[in-house]
Amino acid sequence: MAAILFSVSRSLWNPRYERFRKSKFTTHYPARTVASSSAAFSKMSAIHQILSTSISSSASAFIGGHTNLKSATKSSNFAVAGKISGVVKCVASAAEKTAYTTKVSRNENMAKLQAGYLFPEIARRRAAHMLKYPDAKVISLGIGDTTEPIPDVITSAMSKRSFALSTFDGYSGYGAEQGEKQLRAAIASTYYGDLGIQEDDIFVSDGAKSDISRLQVLFGSNVTMAVQDPSYPAYVDSSVILGQTGQFQKDVEKFENIEYMRCTPENGFFPDLSTVRRTDIIFFCSPNNPTGYSASREQLTKLVQFAKENGSIIVYDSAYAMYVSDDSPKSIFEIPGAKEVALEVSSFSKYAGFTGVRLGWTAIPKELLYSDGFPVAKDFNRIVCTCFNGASNVAQAGGLACVSAEGIKAMHEVVGFYKENTSIIVDTFNSLGFKVYGGKNAPYVWVHFPGQSSWEVFGEILEKTHVVTTPGSGFGPAGEGFIRVSAFGHRENVLEACRRFKQLYK
Amino acid sequence: MQPESDTTFSFAISTSIKLGRPSIRKIFTSQDNGNVTSYRTKVARNPTLERLQYNYLFPEISARELEHIKKYPNAKVISLGIGDTTEPLPDVVASSMANYAHSLSTRTGYRGYGAEQGSKELRKAIAETFYKDMGIKDTEVFVSDGAQCDISRLQLLFGSKMSIAVQDPIFPAYIDSSVIIGQAGDVEKESGSYKNIQYMKCEPENSFFPDLSKTGRTDVIFFCSPNNPTGHAASRQQLEQVVRFAQENGSIIVYDSAYAVYISDESPRSIYEIPGAEKVAIEVSSFSKIAGFTGVRLGWTVVPKELLYSNGFPVINDFNRIVCTCFNGASRIAQAGGLASLSKEGFKAVISLIDYYKENAEILLETFKSMGLRVYGGVNAPYLWVHFPGSNSWDVFGEILEKTHIITVPGSGFGPAGKEFIRVTAFGQRENILEASRRLRSFL
């Protein structure tokens, strides 16, 4: 059994690694061997990943706190791409037999992706940190994962439906792929009551992340897209996977062919549309993840106008709408004319703690038409019927309870709790003299660390306070110099985290 | 989804069920609804979606069923069409889901995002239950919300440049997803076949196993066994041929084993029973027909670590990336139910449900045989594949519906080689199966 040996030095951020970029390695890729154990294979797959993906100098590439590959990759679910410092040597031992490979070419779009998806990487960093400090009480304000129990009115509806499935009268098999009629109607009336969006415009899903990819499949590889910078990484990553983009340009940390709409303190986190190129699709998230900024009615009117002038389609992500505190619009459809240019994606994840239950929806108005007049909703329906098979019936029962009178009240309470957390975090960073953004209309606080590398700040906060956050550059180049602190957590953990921040930055 | 009268798109269903009429076609007319100022974006419709000739098969069947019910409000329509499970979940499974749901309202029981690949417990249970001694580890199992979703995620993984081969006839999602992702090329309107797809004919003459010597090389080979719709379960020898064929061509097999638990003989239940398969095959399966989870939504895909692209990159790494980016894990409640269905008690209960459907299949098999019809399948799968030589399956479908109020599925919905066949599912409550048998016997 042959083995490929690597020697990797332990220190990070050594610019000498620059010599060992993708272009050098993938063409000289040595023969692979079949590992005899899964641990060895984990190492193998990490190595594969490192060599065949770009080792980017940007902060969007990362690695665990140490470069011991074996522990950094727990299983073949891997992707430790990143800043490997020093010399990486490929030494194939003698008597090496070439492992069987198929003759199927790897999808070149997958190869364009720079590293693992952002949040599993944060999870990996957290896990590595916990191994390093087994006694530390690590507090997670990184991944935006809900922590508070789901209200009884909602879980009891799901329990009830589960039991019903074991009875003759209550059993149901395949449901409508678009979602149960009652739920679609209830979503339409709850969130779009007087906005002219109807039951049959609503497509219930297993969550916004899945919907975003299904929308990309719908649009196909020939469309161009614009995103806010920074933005939720699924928009860009799914665009790359679908083949809509060119290569990643390391110097600017952007993918070719995507229009990045910069959102910074200088422009009040709303892009200067006069500088934005026309694209077919415009992803727009408001209230925004990660900046927390909620666009005003005036701003959204400009956006709709922009889309109309350019004949573009807005994919409006309103997953945090219930966190709005002021009079910012909660749906794009509040803007006149939006039905002809926009579709809206949302989710029960952050409203009802459904991050693990999996339920969301997409609303597509009948008025939204392709250039040949064909309704976008018809094609989306085809995608939903072919590439999906409906959200789980138990989750849908929960969703129906969510939008009952009692459920809405309960969701507002949960949302209110997280909003209080957000205030505490905002106050903390304000009191420490930081420039703090967001936190008013969203459960995210966007803290500015001018002139600093967000991955380094992330690492320092983690090392010194044992609090996990998310480095801003993970959301795009305009996120560099920022840290996203999410406000999901038990109150005592949020308070403790804030105590630790005060300690570190006093 | 029924069209609105004020959309700019007219959708005509040929509602006639008279003999001799052509199969259902939809006619698109992209025209303004009379209002010349109706705004259109400047975004071009995805050309791949234009290449789809028909609606997805099963919503069509549903639509026909609804129409028929409207036409005959007093008839007791029996559905042996869409393969939808009918029997309630075993108590142990339902209560585990109910308890799990309840625990989400407690501080200690609440859980947020799960691992996108599925809970470790469930992945282990799947590996142990279905792949014992086959060298498949839990880390190679990816839990999903069902095979139909997994198939599309696999297509996303493969990309638009992949060439595929499918059995003919076959479960339509492989072809449709291939068209949507841009692999399939243009359609030949006459045959309904796509230019870039290799169709591996499966018919009585070749005992429903394709002649691989006539099959051109493709990157991906979709292979479903036990087969939907023909019901044929490939033998060990046949699967060895498929694996050899894949090895020689450097292809990847996507093996759909959703009906493996219905096998009655010694046909392999997993492609990984064949030596060497771990280097050439992905396996997709589902709890839908195992545990009645058609509405609960749970399935899995196995991607062995040994499966490598031509440049040596492990396929599992990219699939993991897809799962982390385009998906967010199957519902935790569904996963709790899945785990319960693989427990000792749960699996026993689930097997007795499967036996129930298999008995249904026997009853239907007997019925068709007694009618003097050539019937295939029904032994290793919950589908019967009934031959009506010289006929057009949509016409036969229509006639059966009109005369016996039984919904079936016309074979040509599964591909050109299905033209003279009707698929009958064995899912149903026993009394409906018996009633259907009675009506069918009087049909001819």
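Analyst: A salt bridge is a side-chain nitrogen of Lys or Arg within 4 Å of a carboxyl oxygen of Asp or Glu. The model is predicted, local features need pLDDT of at least 70, side-chain atom pairs count only at pLDDT 80 or more, and totals for chains, interfaces and linings use all residues. Residues are numbered from 1 along each chain as its sequence is written, chains are lettered from A and ligands numbered from 1 in the order in which they are written, and side-chain values use heavy atoms, with hydrogens and water left out.

User: Which residue forms a salt bridge with E435(B)?

Analyst: E435(B) lies in helix α13 (residues 430–443) of chain B, and its partner is four residues away in that helix, so about one helical turn separates them. (Helices, H or I, of at least four residues and strands, E, of at least two are DSSP runs numbered from the N terminus.) E435(B) is partly exposed at 24% relative accessible area, where buried means under 20%, exposed over 50% and partly exposed in between (1.4 Å probe, protein chains only). The partner is buried at 15%, and with N to O at 2.9 Å it is R439(B).

User: How many positions apart in sequence are the parts that R161(A) and E180(A) tie together?

Analyst: The closest N and O atoms of R161(A) and E180(A) are 2.9 Å apart, in a salt bridge. R161(A) counts as buried because its relative accessibility is 16%, whereas E180(A) is partly exposed at 24%. R161(A) sits in helix α6 (residues 152–164) of chain A and E180(A) in the loop between α6 and α7 (181–192), so the pair ties together parts whose separation in sequence is 19 residues.

User: How many salt bridges are there over all chains of the structure?

Analyst: One of them joins the side chains of E203(B) and K201(B), N to O at 3.9 Å. E203(B) is partly exposed at 22%, and K201(B) is partly exposed at 43%. In chain A, D200(A), D201(A) and K366(A) are linked in a network of salt bridges. Over all chains the count is 40.

User: What area do chain A and chain B bury between them?

Analyst: The contact (heavy atoms within 4.5 Å) takes 116 residues from chain A and 112 residues from chain B. In chain A, the residues that lose the most area to chain B are Y100(A), Y174(A) and R382(A), together 8% of what that side buries. Buried area is the accessible area (1.4 Å probe) that two parts lose on being put together, summed over both. Of the total here, 58% is on carbon and sulfur atoms, and the total is about 9,500 Å².

User: Which helix gives the largest share of the side of chain A that touches chain B?

Analyst: Between the two chains there are six salt bridges, and R106(A) with D318(B) is a salt bridge at 2.7 Å, N to O. The share asked about is nine residues, and it comes from residues 376–387 of chain A, helix α12.

User: Which backbone oxygen does the side chain of T41(B) reach?

Analyst: T41(B) lies in the loop between β2 (29–30) and α1 (47–50) of chain B, and with a relative accessible area of 2% it is buried. Not counting residues up to four places away in sequence, T41(B) touches residues of chain A including G311(A), E340(A) and Y370(A). At 2.7 Å its side chain reaches the backbone oxygen of L369(A).

User: Which proline does a cis peptide bond join to D168(B)?

Analyst: The proline lies in the loop between β5 (164–168) and α6 (173–181) of chain B. Another cis bond of chain B runs from S225(B) to P226(B), with omega near -5°. For the bond asked about, omega is about 10° and the proline is P169(B).

User: What is the phi of R297(B)?

Analyst: R297(B) is found in the loop between α8 (288–291) and β12 (299–302) of chain B, and at 3% relative accessibility it counts as buried. In chain A, H466(A) is not a glycine and has a positive phi of about 60°; H466(A) counts as buried at 18%. R297(B) is likewise a residue other than glycine with a positive phi, near 75°.

User: What percentage of the residues in chain A are buried?

Analyst: Chain A has 16 helices and 17 strands. Among its contacts with a separation of 6 or more, 76% are between residues 24 or more positions apart. Of the 506 residues in chain A, the buried share is 65%.

Methods. A polar contact is a pair of N or O atoms within 3.5 Å; within protein, one must be able to donate a hydrogen and the other to accept it, and residues adjacent in sequence count only if both atoms are side-chain atoms.
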